[in-house]
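Biologist: I want the reasoning behind the labels here, not just the labels. Can you set each one against its definition?

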Amino acid sequence: MKNFIMASRPKTLLAGVIPPMVAYAYYLSHAQESAALYLILAVLGALFIQLATNFFNDVIDFQKGADKKRVGPTRVSAAGLVNISVVKRWAMTCVSLGALCGIPLIIRGGWPFLVLGLISLYLTYGYTGGKVSLAYRGLGELFVFLFFGLFSVIGSYYLFSLKVNAGSVILASAFGLLATTLICINNLRDRETDAEVGKRTLATRFSERNYQLFIVATIFAPYLLLHYFRDYKMIYWVFLGLIPALKLTKITFTKKGADLNEGLKFSGIHLVVFSALLSFTFIYESFL
């Protein structure tokens, strides 16, 4: 169980399960009917897809040599703690469970959810493996923004309400940026070791300073997007999230290598604080 939890990378799971939950809080702020069943299925589906992605990533990075000089948290495949066939089985089990969760969502949302579901299930492997191998082509950040932001939030909101509005798009963009921060800190930490094995992330393509500035943009741009929700009475409480945001910015510019693992921790804290305060804002509005 300890190795399973280690390979699952619990901190990264937040980026998958939080967006549907915040989308639901936004839905409740102006809806009259509950859609709790679809929330549960969306969260479980996102969780299983994220787990599968992490397990495949653990195996594939080991096979490609990307973890030979590991500066991040221990990978079970590279450390020899778990046989790669076992980790692959974990991944395929999660793919299967994610597909099962998706069936009622496809019935509810129609063929676009079938297409997105199939793409998502394939990219659990294709993010680092196969001919697509997004993470090795500098497309990891774009993938995260699209799937953990736009598709996750807008898709979830549509499942709840059977429509899309401007607020859901703004919300999706904000959470796409927040999720991108997580992968950016990870890629900044691994910048040198990734370059050695030909893993061409954006962090290896940009200069270090330009990539740091890019990270700062992903941290603070969501606060600009909050202007859309300015009529919500409690919205300015979300700006308390600037406290961990400023700490994260300092870490981004002052830490290197393994020390950037602290940045991953604060990326998660920032995501949780922002999400909790924004959800509280939406739920408070639902009682007015």
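Biologist: Why is Leu97 called partly exposed?
Modeller: Its relative accessible area is 33%. Buried means under 20%, exposed over 50%, and partly exposed in between, with a 1.4 Å probe and protein chains only. The 33% of Leu97 falls in between, so the label is partly exposed.

Biologist: What are the ground rules?
Modeller: This is a predicted model, where local features need pLDDT of at least 70, side-chain atom pairs count only at pLDDT 80 or more, and totals for chains, interfaces and linings use all residues. Numbering starts from 1 along each chain as its sequence is written, and side-chain values use heavy atoms, leaving out hydrogens and water.

Biologist: What makes Leu97, Leu100, Ile103 and Ile107 a patch?
Modeller: Patch residues have over 30% relative accessible area and no salt bridge (a side-chain nitrogen of Lys or Arg within 4 Å of a carboxyl oxygen of Asp or Glu). Like charges are joined within 9 Å, nonpolar side chains (Val, Leu, Ile, Met, Phe, Trp, Tyr) within 5 Å. Leu97, at 33%, is over the 30% limit. Together the four offer about 400 Å² of accessible area. Leu97 sits in helix α4 (residues 84–109).

Biologist: How do you know that the span of α11 agrees with its residue count?
Modeller: The expected span is 1.5 Å times one less than the number of residues. For the 13 residues of α11 (residues 242–254) that gives 18 Å, and the end C-alpha atoms are 18 Å apart, so the two agree.

Biologist: Which residues of α11 are buried?
Modeller: Pro244, Ala245, Leu248, Thr249, Ile251 and Thr252. They cover an arc of only 165 degrees around the axis, so they lie on the same side of α11. Ile243, Leu246, Lys250 and Thr254 are exposed on the other side.

Biologist: What do the buried residues of α11 pack against?
Modeller: They pack against α7 (166–189), α10 (208–225) and α12 (261–286). Val216, in helix α10, touches Thr249 and Phe253, not counting residues up to four places away in sequence. Contact means heavy atoms within 4.5 Å.

Biologist: Why is Val216 called buried?
Modeller: Its relative accessible area is 18%, so it passes the buried cut-off.

Biologist: What makes the phi of Arg9 worth flagging?
Modeller: Its phi is near 55 degrees, a positive value in a residue other than glycine. Most residues other than glycine have a negative phi. Arg9 lies in the loop between α1 (2–8) and α2 (10–28).

Notes:
Accessible areas come from the Shrake-Rupley method with a 1.4 Å probe; for residues, only the protein chains shown count as cover. Helices (H or I, at least four residues) and strands (E, at least two) are DSSP runs, numbered from the N terminus. The arc is that of the directions from the helix axis to the C-beta atoms.
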